[in-house]
Amino acid sequence: MLWLRKRSYSAPGSITSGIGLGTYSFAGYNATDSAYYQGVQIQAVSDEAWSSAYKKGTRLQFLTAANGATGTSSPVVRAIIDNAGKFWIGATTGAATASIDQSGNASFSGTLSVTGHPTLEGVTATGATGTGA
């Protein structure tokens, strides 16, 4: 896919931060109102202005529609792979509820629930409470 910034192929516009570079959309047909509705999207988005051959910061965004969403509802961002290779779940910025970096380090905010009898190694916690078995 080539982003043209609403210009011709011979005179494409500049890429700035936050510009959508391409989208894969998945839609289904609703025979009741004879219309197609998007349910899932995968978007490529620029994270910085592309002013030289070395500035190409991007992210992938994964969007889904909630159960019960109406025909006019748009899918919303549920997960991101950012320009540093972190996988963010449940948020669109550094305030994510969970992230995993390229080395496999995971971080969570909010409540983390673990069931069964896991072995947790190298775990650090701030303000942790819980019960043991």
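Reader: Happy to dig in! In which strand is confidence lowest, and in which is confidence highest?

Author: Good place to start, since this is a predicted model. Within the protein chain, the mean confidence is lowest in S6, at 72. The highest mean belongs to S3, at 92.

Reader: What average pLDDT does the protein chain have?

Author: Of the residues, 74% score at least 70. The stretch of residues 1-5 stays under 50 in pLDDT, and the model has 16 contacts for it beyond four places in sequence. For the protein chain, the average pLDDT is 76.

Reader: Thanks! How many helices and how many strands does the protein chain have?

Author: Reading along the sequence gives the pattern β-β-β-β-β-β-β. The count for the protein chain is therefore zero helices and seven strands.

Reader: Which strands are the edge strands of the sheet?

Author: The sheet is open, and its seven strands follow the order S1-S2-S3-S4-S5-S6-S7 with antiparallel pairing. Two of these strands pair on one side only, which marks them as the edges: S1 and S7 (106-108).

Reader: And what does the twist average from one strand to the next?

Author: The sheet in question is the open one formed by seven strands. From each strand to the next, its twist averages 20°.

Reader: Let's look at the start of the sheet. Which residue in the turn between S1 and S2 has a positive phi?

Author: S1 covers residues 20-30 and pairs with S2 in the antiparallel sense over ten bridges. Four residues sit between the two strands of this hairpin. In that turn, a positive phi of about 50° is found at Ser-34.

Reader: Which residue in S2 stands opposite Tyr-29, and is the aromatic pair of Tyr-29 stacked, edge-to-face or tilted?

Author: The residue opposite Tyr-29 in S2 is Tyr-36. Searching the whole structure turns up one aromatic pair. Tyr-29 and Tyr-36 form it, with 4.9 Å centre to centre and 55° between the planes. Planes under 30 degrees apart would count as stacked and over 60 as edge-to-face, so the pair is tilted.

Reader: Are those tyrosines buried or exposed, Tyr-36 in particular?

Author: Tyr-29 has a relative accessible area of 47%, so it counts as partly exposed. For Tyr-36 the relative accessible area is 62%, and the cut-off for exposed is over 50%. Tyr-36 is therefore exposed.

Reader: Moving along S2, is Ser-46 buried or exposed?

Author: Ser-46 lies in S2, which covers residues 35-46. Beyond four places in sequence, Ser-46 touches Ile-15, Thr-16, Ser-17, Gly-18, Ile-19, Leu-21, Gly-57, Thr-58 and Arg-59. With a relative accessible area of 0%, Ser-46 is buried.

Reader: How far is a polar atom of the side chain of Ser-46 from the backbone oxygen of Thr-16?

Author: Thr-16 is among the residues that Ser-46 touches. The backbone oxygen of Thr-16 and a polar atom of the Ser-46 side chain are separated by 2.4 Å.

Reader: What is the bridge partner of Ser-46 in S3?

Author: S2 and S3 (residues 58-64) run antiparallel and are joined by seven bridges. Thr-58 also appears in the list of residues touched by Ser-46. In S3, the bridge partner of Ser-46 is Thr-58.

Reader: Which side chains does a polar contact of 2.8 Å join to that of Gln-61?

Author: Gln-61 sits in S3 and is buried, with a relative accessible area of 9%. Among the residues that Gln-61 touches are Val-45, Val-77, Ala-79 and Ile-80. One polar contact of 2.8 Å links the Gln-61 side chain to Gln-43; another, also of 2.8 Å, links it to Arg-59.

Reader: What separates the C-alpha atoms of Ser-74 and Tyr-37?

Author: Ser-74 belongs to the loop between S3 and S4 (76-81), and its relative accessible area of 57% makes it exposed. Along the chain, Ser-74 and Tyr-37 are 37 residues apart. The separation of their C-alpha atoms is 8.9 Å.

Reader: Last one, at the other end of the sheet: which residue in S7 stands opposite Ala-98?

Author: S6 (residues 98-100) and S7 run antiparallel, joined by three bridges. Opposite Ala-98, the residue in S7 is Phe-108.

Notes: Residues are numbered from 1 along each chain as its sequence is written. This is a predicted model: local features need pLDDT of at least 70, side-chain atom pairs count only at pLDDT 80 or more; totals for chains, interfaces and linings use all residues. Side-chain values use heavy atoms; hydrogens and water are left out. Rings of Phe, Tyr and Trp (its six-membered ring) pair if their centres lie within 6.5 Å; planes under 30 degrees apart count as stacked, over 60 as edge-to-face and the rest as tilted. Buried means under 20% relative accessible area, exposed over 50%, partly exposed in between (1.4 Å probe, protein chains only). A polar contact is a pair of N or O atoms within 3.5 Å; within protein, one must be able to donate a hydrogen and the other to accept it, and residues adjacent in sequence count only if both atoms are side-chain atoms. Contact means heavy atoms within 4.5 Å. Two strands pair if DSSP finds at least two bridges between them. Axes are lines fitted to C-alpha atoms, for helices over the stretch in contact, and angles run from 0 to 180 degrees between N-to-C directions. pLDDT is the predictor's confidence in each residue, from 0 to 100.
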